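Q: Before we look at the two chains together, could you show me how to read the features of such a model step by step?

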Amino acid sequence: MQAAVPSPPQALPFPSVAWFERLAALMNANRARQEQLGFCDCVAGFAVTDGGPDGQPFVVQVTFEEFAATDVREATPAEAAQADFTVTGPLAAWRAMIESIAAGNGRPALEQTLNRLTHMGTPMHVASDDPLRRDLYFRYNQTLQEFVNASAAFATTFAR
Amino acid sequence: MRLDQCWGTDSELPEDDAPQCGARHSALVPIVIDTSLITRVLALPVGDGPPEGGLHGNRAASAPPLPQATPTTSEGVTAYVEAYEREYTGWMAVLQRNAERLARGQYSLHWLDMAQGHWGRRARPSSRGLTYTDTNNVKGFGEIPERADWLNFTPRGAVREPYRAEMPVIDEYTQVDRPGLWADNVITLYEEAKARQWNATRDIPWHELAPLPEDLEKATCQLCTVLTQVEFVAGDFPAKWMYRIPQDFLEVKSFLATQIMDEARHQEVFRKRAIAGGGLMHAGVGQEWALKAILESPTHTMGTFLLNLLGEGLVLSIFRSGEMIAKTHVDKDIFRRCLQDEARHVSYGVMEFKYWLDQHPDREQAIAQMHRFADVGELIILSSFTEPVMVEPIAILLGGGLDKIDYGMEGMAKLWTMAIDEYLQRCERAGFPRRARCRIPLDAPWASSGAVPATA
C-alpha cells in the first residue's frame with residue numbers, strides 16, 4: 001500500500017473496509033511517527049460481531065509490516081486464523097471507543113483504550129489460536145492504539 | 001476507620017479492625033480468605049507473622065556481616081600483576097614480536113590475505129535496514145554452532161583459526177551449548193527491541209500528572225514501588241548469564257542486552273512515577289524470595305523459564321491490568337509502553353524453552369526435570385503475587401477506591417484465572433504440558449468457588 005496524503009475529511013461508515021483503509025493511509029502518511037514507535041509486524045484482525053448486514057459479523061484484517069499498514073481486506077469469520085490475533089467486540093463497544101477518540105481529538109478516555117476494553121474479555125476480547133501470536137497484540141500495543149486513534153482525523157458514521 | 005489506619009501493617013491494626021476494612025466501606029459481603037485452602041495448596045506453614053528471630057529460612061538473621069568496602073586493593077593488584085607477569089605470559093611474546101617488527105620498520109600486512117576467510121560477499125540491507133538476518137545470510141557469517149569452542153572475543157566468521165594457539169581462553173564462558181540459550185525468534189526480537197526503545201524521561205507526558213485522591217494515589221505509588229523492586233531482576237538475571245555466553249552466540253547476547261536496558265527503563269519509570277506521586281512506599285517480602293529464586297536458578301533455561309515465561313508473563317498481566325486501571329493518561333502510557341517490552345521477554349522465554357526441549361537428547365527426562373523445578377519455582381513466584389503490597393493496590397485501583405476494594409478483589413480473581421491460564425498456554429506452546437501438575441491454583445485463593453488445584 002502506497003503512502004498517500006489523506007484526502008480532506010470525509011465521513012466514512014463504520015464498520016467498513018474504507019474506514020480501515022483510511023486509518024492505514026493516515027498511518028502510512030506519518031512514517032516519522034512509526035519510526036519512533038518501531039517495527040510492527042503482524043496481521044491484526046478487527047471484528048465487529050454485529051457489524052455486518054443483518055447483524056452478522058464484520059471482520060477486517062490489516063497487515064502491518066515494518067512501519068506501514070500494507071494491506072487491508074475484509075475477511076470471513078472462517079478466515080480468522082489468518083490473523084495473528086483478532087480484536088473482537090460488538091458495534092456498540094466499537095462506537096463508544098471511536099466516539100471517545102473523536103471527542104478527545106485522538107486520545108480516548110481512560111476507559112476506552114484498546115487494552116482497557118479487551119483485557120477482561122468484555123466488552124471486547126482478543127482472540128488467537130496461538131499464545132505467541134496473541135502476544136503480538138501486546139508487543140505492538142502502542143502502535144495499534146495510535147492506529148485507531150487516527151480515526152479522530154475524519155468523521156465516522158454509524159448505521160446504528 | 002480512618003484511611004491512614006488502613007495503610008498500616010496488619011500488626012499495627014487493632015485486631016478487630018483489620019478484617020472489617022473492606023466490609024466497612026462496601027455493601028458487599030466481606031471476602032473471606034480461606035487460609036486452609038492456601039495452606040493445603042502451598043503445603044507451607046501459615047502463621048500470623050514472622051516467627052521470632054526472623055522468617056523461616058531467612059538468611060538475613062544469621063548472615064555474616066556485610067563485606068567492608070572494596071577489599072584492599074594491594075592484595076588484588078598483587079595477584080593480578082603476578083598472574084600476568086608469571087602465569088599468563090602469552091601476551092609477552094605477542095608484545096615482543098610486535099615491538100620488534102615495528103622497531104625494524106616492517107609491516108606485517110598478513111591481514112590482507114583472506115585465503116582462509118570470507119571476503120567479498122557483501123551484506124545487503126533489507127527494507128528495514130541492515131539486520132542480523134541480512135548479515136547472517138552472507139556465507140561464512142551466519143553459521144551458528146551447536147557448541148561454541150571459541151571461548152574468547154574473536155568474532156564469528158573472522159579469520160581466527162591461525163591464531164587459536166596463541167589466544168587466551170575466557171574461563172567464565174561456560175554456556176557453550178546452543179540449546180539453553182537460543183530461541184528461533186531471538187534475532188527478530190532483538191531488532192524489534194532496538195526499534196521499539198523509548199525514553200522514560202521524555203516519552204511520558206509527566207507534565208500532565210495531577211494528584212489523585214489519596215487512596216488511589218497511594219495505591220498507584222505502592223504498585224509502582226513493588227514494580228520498581230521486581231524489575232531489575234530481569235536485568236540482573238540475564239546479566240548474570242550474558243557474560244558466560246561465548247561471542248559465537250552474539251544474537252543471544254545482543255538480545256539479552258536489550259532486555260537489560262528494558263528493565264533498567266522499567267525500574268526507572270516506576271520509580272519516577274512513585275516519587276512524582278508522593279513517594280516510594282512499602283517493599284514486598286514475598287517479592288524478595290521470588291527474585292532470589294530466579295537469580296539463583298541452576299541453569300539459564302530454568303531461570304529463563306521462571307523469569308521470562310512465568311514471572312514476566314504474570315508481570316505482563318499486571319502491566320495490562322495497570323493500563324486498564326490507570327487513573328491518568330500518564331499511567332496509561334507508562335503501562336502500555338512497558339507491556340510491549342515485557343511481551344518481547346515473554347516471547348523469548350517461550351521459544352528459548354521450546355528450543356531447549358526440542359534439542360534435548362532425552363526429552364522425557366528434560367521435561368521431568370523441569371516439572372521438578374517448576375513444582376518449587378511456581379510456589380516461590382506465587383509468594384510474590386500474593387503479597388498484599390501488590391494484590392491490594394491493584395484491587396483498590398480496579399475497584400476504584402479503598403471503599404471498593406471488595407469489587408476490586410472480585411476482578412482480581414478473574415485476572416488471576418486469566419493470567420494462570422495464559423501461563424499454562426505458554427507452557428504448552430513450548431512443549432511443556434504443565435496444566436495437570438501446576439502448583440498455582442487456577443482460581444484465586446480468595447475466590448468463592450473453584451477447584452482445588454492439583455498438587456504434585
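A: Let us begin with the vocabulary of elements: helices (H or I, at least four residues) and strands (E, at least two) are DSSP runs, numbered from the N terminus. The model is predicted, so to speak of local features requires pLDDT of at least 70, side-chain atom pairs count only at pLDDT 80 or more, and totals for chains, interfaces and linings use all residues. Residues are numbered from 1 along each chain as its sequence is written, while chains are lettered from A and ligands numbered from 1 in the order in which they are written.

Q: Where in chain A does A:Pro123 lie, and what kind of peptide bond joins A:Thr122 and A:Pro123?
A: As a general idea, most peptide bonds are trans. A:Pro123 lies in the loop between α4 (114–118) and β6 (125–127) of chain A, and the bond that joins A:Thr122 to A:Pro123 is cis, with omega about 10°. A cis bond also runs from A:Phe14 to A:Pro15, with omega near 0°, and A:Pro15 is found in the loop between β1 (12–14) and α1 (17–28) of chain A.

Q: Which sign does phi have at A:Asn105, and is A:Asn105 buried or exposed?
A: Most residues other than glycine have a negative phi. A:Asn105 is not a glycine, yet has a positive phi of about 50°, and its place is the loop between α3 (91–103) and α4 of chain A. A residue is buried if 20 or more other C-beta atoms lie within 10 Å of its own, exposed if 12 or fewer, and partly exposed in between, with C-beta atoms placed from the backbone. A:Asn105 is exposed, with 9 other C-beta atoms within 10 Å. In chain B, B:Leu109 has a positive phi of about 60°; B:Leu109 sits in the loop between α5 (90–104) and α6 (132–136) and is exposed, with 7 other C-beta atoms within 10 Å.

Q: How many helices and strands does chain B have?
A: Chain B has 16 helices and zero strands, and buried residues make up 36% of its 456 residues.

Q: At what angle do α8 and α10 of chain B pack?
A: Axes are lines fitted to C-alpha atoms, for helices over the stretch in contact, and angles run from 0 to 180 degrees between N-to-C directions. Helix α8 (residues 214–231) of chain B packs against α10(B) at about 155°, with the axes 8 Å apart. Angles under 35 degrees count as roughly parallel, over 145 as roughly antiparallel, 65 to 115 as roughly perpendicular and the rest as oblique, and α8(B) and α10(B) are therefore roughly antiparallel. Among the residues that make this contact are B:Cys221 and B:Cys224 of α8(B), and B:Phe270 and B:Ala274 of α10(B).

Q: How many residues of chain B are in contact with chain A?
A: Two residues are in contact if their C-beta atoms, placed from the backbone, lie within 7 Å. By that test, 29 residues of chain B are in contact with 21 residues of chain A. The largest share of the side of chain B that touches chain A, 11 residues, comes from α13(B). For classes, Ala, Val, Leu, Ile, Met, Phe, Trp, Tyr, Cys and Pro count as nonpolar, Asp, Glu, Lys and Arg as charged, and the others, Gly among them, as polar. The side of chain B that touches chain A has eight nonpolar, six polar and 15 charged residues.
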